[in-house]
Amino acid sequence: MSHVLELSQVDAYYGKIQALKTISLEVGQAEIVALLGSNGAGKSTTLKSISGLVRPRNGSIRFMGEDIGKLAPHEIVERGIVHVPEGRHIFGGLTVRENLELGSFTKRKDHVFVKRTLEHVFDLFPRLKERERQKAGTLSGGEQQMVAIGRAIMSGPKLLMLDEPSMGLAPIIVQEIMKIIKRINAEGTPILLVEQNAKAALKLAHKGYVMETGQITMQDSAEKLRQDDSIVKAYLAYH
Ligand code: ATP
C-alpha cells in the first residue's frame, strides 16, 4: 500500500527534554490510524511535529512523497494536512457558520468549493445546520467538537489529524463523533487519530500504534490490538 504520511526515526525535544524518541509510523491513503497511550506519552507532540509546530531534530517526515520536515506550519497546511488540536479552539463569539467558513479561508475565492463543502459539512453534522446562526460558545461540548471537525473539513484536507476528539464527552456523543470520523474516512480522507479512549479508537481504526514515554512500544492491526492482553489491561479496562 502506498503511504500518504511516513515518519522515519523522528526525534523531538522541548529544550533538553526528549519528547519523541525515534518515532516511525505510516498512514496509508485509505486508513484510520490510531495513536494510543497515556498522558504525556508524546501523542500530541507527534501531531505537532507533523504540522510543523514542533521541529524534529532528527529523522524525516514525508507527505505524499515530499519531505515536509523543514516546512513552516502554513506551508504544511497548504499541502493539505489539517490538525484539529486538543481542546477544540473554536471561536465562541462567532456563529457556527462563521467558524466553519473560517476553515475554508485559503479557498475563500472559490465560492463554489466553499458552498459545496459547507453543504457537505451540514450533511455530516445536521445538528450544526440547525444551529448555523447560533454563537459557537453556547454549544455543548460535543457540538463544539463537531464545529472543530467541520471547520477542518472546510479546507478540503488530504490528511486529517484529530487530537483526542472524545475528550470530556459523554459515551453516546463519543459514538456519534466516531461514526462521523469513520464516514469522513470512507469518503476518502486518511485520518491520524490520537486517543486516550483506546476502546473507541480501535473500534474504527485499521491499525494502531501505542506510545509510552516518547517511544512507540507496539504496533499492529486494530483487530490484533483489541485482543492484546497488555493493551486491554493498560488502556481498555478504564473505558
Ligand atoms: P496528553 O494526552 O496529556 O497531551 P501526550 O501523549 O499527547 O499526552 P505530549 O503532550 O506529547 O503527550 O507530551 C510529551 C512529553 O513532552 C510530556 O512529558 C510533556 O510533559 C512534555 N511536553 C509537552 N509539551 C511541552 C512543552 N511545551 N514544553 C516542555 N515539555 C512539554
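The shell around the ligand is a mix: three of its residues are nonpolar, seven are polar and three are charged. This comes from a predicted model, and that is worth keeping in mind while reading on. In total, 13 residues surround the ligand, and the closest are Asn39, Gly40, Gly42, Ser44 and Thr45. Which helix gives the most to this shell? Helix α1, spanning residues 43–50, does, with three residues.

Zooming in on single atoms, the side chain of asparagine 39 places an N or O atom 2.7 Å from an oxygen atom of the ligand. Glycine 40 joins in through its backbone, where a polar atom sits 2.7 Å from a ligand oxygen. Glutamate 164 adds a contact from its side chain, with a polar atom 3.4 Å from an oxygen atom of the ligand. How much of the ligand does the protein cover? On its own the ligand has 620 Å² of accessible area, and the protein covers 62% of that.

Next come the charged pairs. Side chains of opposite charge can pair when their charged atoms come close. A search through the whole structure turns up 13 salt bridges, and a few of them are worth a walk-through.

Arginine 97 is a good place to start. Its side chain meets that of glutamate 101 in a salt bridge, with 2.9 Å from N to O. Both residues belong to helix α3 (residues 96–103), and they are four residues apart, about one turn of the helix. Are these two buried or exposed? Neither label fits, because glutamate 101 has 32% relative accessibility and counts as partly exposed, and arginine 97, at 28%, counts as partly exposed too.

Arginine 97 also pairs with glutamate 132, and here the closest N and O atoms are 2.4 Å apart. What does this pair tie together? Glutamate 132 lies in the loop between α5 (126–130) and α6 (141–153) while arginine 97 lies in helix α3, so the salt bridge links parts that are 35 residues apart in sequence. Glutamate 132 has a relative accessible area of just 8%, which means that it counts as buried, since the cut-off for buried is under 20%.

Over in helix α4 (residues 111–124), glutamate 119 and lysine 115 are four residues apart, about one turn of the helix. They form a salt bridge as well, and the closest N and O atoms are 3.5 Å apart. Glutamate 119 is partly exposed at 48% relative accessibility, whereas lysine 115 is exposed, with a relative accessible area of 55%. Which residues are joined into one network by salt bridges that share partners? The members are Arg97, Glu101, Lys129, Glu132 and Arg133.

Finally, there is glycine 80, found in the loop between α2 (73–78) and β6 (81–84). Its relative accessibility is 8%, so glycine 80 counts as buried. What does glycine 80 touch, leaving aside residues up to four places away in sequence? The answer is Pro157, Lys158 and Leu159. Take lysine 158 from that group: in sequence, glycine 80 and lysine 158 are 78 residues apart, yet in space their C-alpha atoms are 4.8 Å apart.

Technical notes
Residues are numbered from 1 along each chain as its sequence is written. This is a predicted model: local features need pLDDT of at least 70, side-chain atom pairs count only at pLDDT 80 or more; totals for chains, interfaces and linings use all residues. Side-chain values use heavy atoms; hydrogens and water are left out. A residue is near a molecule or strand if one of its heavy atoms lies within 4 Å of it. A polar contact is a pair of N or O atoms within 3.5 Å; within protein, one must be able to donate a hydrogen and the other to accept it, and residues adjacent in sequence count only if both atoms are side-chain atoms. Accessible areas come from the Shrake-Rupley method with a 1.4 Å probe; for residues, only the protein chains shown count as cover. Helices (H or I, at least four residues) and strands (E, at least two) are DSSP runs, numbered from the N terminus. Ala, Val, Leu, Ile, Met, Phe, Trp, Tyr, Cys and Pro count as nonpolar, Asp, Glu, Lys and Arg as charged, and the others, Gly among them, as polar. A salt bridge is a side-chain nitrogen of Lys or Arg within 4 Å of a carboxyl oxygen of Asp or Glu. Buried means under 20% relative accessible area, exposed over 50%, partly exposed in between (1.4 Å probe, protein chains only). Contact means heavy atoms within 4.5 Å.
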